[in-house]
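This report describes selected packing and pairing features of a predicted model. The arrangement of helices against a sheet is treated before a contact between two helices.

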Amino acid sequence: MPAQRRPEQESQPTERCGRGPDPARSAYAVSTAVGPASAQVVPSDCCGSGSHRSTDRKGRLIDIPEPLTSAVPHASAADRLQHELLVERGHRQAAEAEAARTADELHAVVQGFGRAQAVLDETTDFVALAHPDGLLFYLNRSAAHRLGLNIVASPVRFIELLDAEGQAAWVREGAAAVERDDRWSVDTELVGADGRAVPASVLILTHRGPGGALEYLSAVGRDISERRALEARLTHQALHDALTGLPNRILFMDRLAHAQTQLGTDTATSALAVLYVDLDRFKTVNDSYGHDYGDRLLVHAATRIRDELRPQDSVARLGGDEFVVLLDRTEEAADAVQVADRILAALARPLTVDGRQMHVGASLGIAVGRADPDTMVRHADLAMYRAKERGRGRWEIFEPELNERAQRRMSDETALGAAIARQEFLLHYQPVVDLRTGAVTGFEALVRWQSPERGLVPPDQFIPLAEETGLINVLGRWVLEEACRQGRLWQLALGDPTLQVAVNVSARQFQQVDLVEQVATVLRTTGLPPASLLLEITETAVMGDPAKAAATMRRLAAHGVRFALDDFGQGYSSLGHLKRFPIDVVKIDKEFVDGLTRNASDAQIVQAVLTMAQALGLEVTAEGIEDHAQLDRLRTLGCNHGQGYLLSRPLPAAAATALLTARTPLPCPPPDPAGQVRVAIDADDDHDPTPQGVAR
């Protein structure tokens, strides 16, 4: 029976035949893919029925007989059945061996992946593996936890982790980049199961087999939340004012340009309005109470401005105490005026800082239209300056005339700079007279611009521009050198070392860090004794930074330089200032001298100044003496020095030299019967219409 013959038949294929392999029946090794493993077919060395060999799981050879029909064509049915059983058994053994080998290899892979997984689960980066179709089959612990995903319970495709923008980028460029370059990187947001997004920088790589076929995708994402937050902070700092938190000029101009783009070409509907706001008395508060107090005041002011605007409007701080407002889609100027009135009213109310109430107020310029951003802001700025000029605490609307005026100013600024370079300036000297003897004790140097086109230009037409542009520093240095040089020439010519020269120093000049060195150098190079130089300063010049001003004055005084407080009675005017600063001379403002014989209060003020000066050991000089009644009154009150048109107009250097040489007492004689006052020396009268009070 077949069952009794099975053992013999099972053993026969494993016996080796004495003959070698039949070349006609030999087969060569081929690989048949079975998962990741393969079955090896080797040549048969068995004769007769023929067979091929495989190996079992322990590596032993297994003979698998070929079908009997091919080996013994005329075998009986029983032999064929038995032989087929042997064939089936051989195939089964080969399959079992292959399965065992595959299991061993998979075990090794799993063990290796387990070690890699332990590493990947410890990293804080997001790691994912996906099939070629994008379906995730691995997600490390960090990604699963942060995104709240369980890919076993809820399968997820990789693209579903990206936010809408990231998905669009994948469709637009990512898929093609991966196919072309085997990699693609993108900054996106990974979206978790609960909808929360995590900013991440993601790198996607392809992994291909030996034949180039795509086996799987890997993705590594790094949380960039901190980087995004830092970028946001830096962007905010670049576009916002650090003190008030308001947009700065850059962001405001961008918003203004965007608003203009939104208007499009429809000129029949809306326009834009720009309001330029400048606080009126902020500098006084800042100088008096310190920068910290001033900063807090600016924060309060910014809040008040913002509270008066619509949600679609914008306010920015340009710097200092200047703010600019954008009113989007303004139908007409009247709408902008309503907002301007509200802002001015809000800033006119007292601002309370640290329990102290301050009245600041503001001036405001309005520009309405559709011009480019720079032009809109410039027009509003020009209108604001017009509001300042007309009394402050008000608004003005830009008009083309303001632009023409600004262009003239720019032209004047250019011409002034060129004039300084070409040395088109000269000095006139107004005598300072001893009112008791009429003797000239010194001169005040007054600068004039000798323009080839405009003739002799008085200082009130160019000094303010020089101060605003900073050209006053260069011009002031030249005035100081020329005045000291001329003063020394007079001293040597007359043999009088006591003759003084007074030079005006503007607020901007006084703020120069090297002012002391400048003065010392000029005195050394010209040879003028320091005690012969009288620097005239105004109270406003020293009150910008009183402590610094006092230190500068003390350093100059240590060199022997003397100081006169000009225009006393204006500005701050207090005894405290006279005690705080090393003042030698007080000059009574022309305004009080004008009212000396007409206004009792002016006379009382002059008397008080004289009394105070005598008590402090100071000299007093009255400015702007223009008639004999004023002169007589000043003499009666005990004022010993003065200057003014009654005594002498400012004189060119040659005429001043002639006056000194003649030693003619001043003032001139009393009026003649025709009522005309005769001037002792009237040289250059026709070319110098400047009032005496204009000293700089």
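Helix H9 (residues 291-307) lies across S10, S11 and S12, and runs at about 10° to S12. Helix H7 (residues 249-263) likewise lies across strand S10 (271-279), S11 and strand S12 (322-330), with an angle of about 15° to S12. The two helices are set out below.

| Helix | Residues | Strands crossed | Angle to S12 |
|---|---|---|---|
| H7 | 249-263 | S10, S11, S12 | about 15° |
| H9 | 291-307 | S10, S11, S12 | about 10° |

The strands S10, S11 and S12 belong to an open sheet of 5 strands with mixed pairing, in the order S11-S12-S10-S15-S16. Its edges are strand S11 (314-319) and strand S16 (395-397), each of which pairs on one side only. On average, neighbouring strands of this sheet are turned by 20° against each other, direction ignored. At the S16 edge, strand S15 (residues 362-369) and S16 pair in the parallel sense over 3 bridges. The bridge partner of Gly-365 in S16 is Glu-396.

A further contact involves two helices. Helix H21 (residues 600-616) packs with helix H22 (residues 628-637) at an angle of about 40°, and their axes are 10 Å apart. H21 and H22 are therefore oblique to each other. The crossing of H21 past H22 is right-handed. H21 contributes Ala-603, Val-606, Gln-607 and Leu-610 to the contact, while H22 contributes Arg-633, Leu-634 and Leu-637. Classified by residue type, the contact of H21 with H22 has 5 nonpolar, 1 polar and 1 charged residues.

Definitions and conventions: Residues numbered from 1 in each chain as written. Predicted model: local features only at pLDDT ≥ 70, side-chain atom pairs only at ≥ 80, totals over all residues. Heavy atoms only, no water. Axes fitted to C-alpha atoms, helices over the stretch in contact; angles between N-to-C directions. Helix = DSSP H or I, 4+ residues; strand = E, 2+ residues; numbered from the N terminus. Parallel < 35°, antiparallel > 145°, perpendicular 65-115°, else oblique. Left-handed = near helix turned anticlockwise from the far one by under 90°. Contact = heavy atoms within 4.5 Å. Nonpolar A, V, L, I, M, F, W, Y, C, P; charged D, E, K, R; others polar. Pairing = 2+ DSSP bridges.
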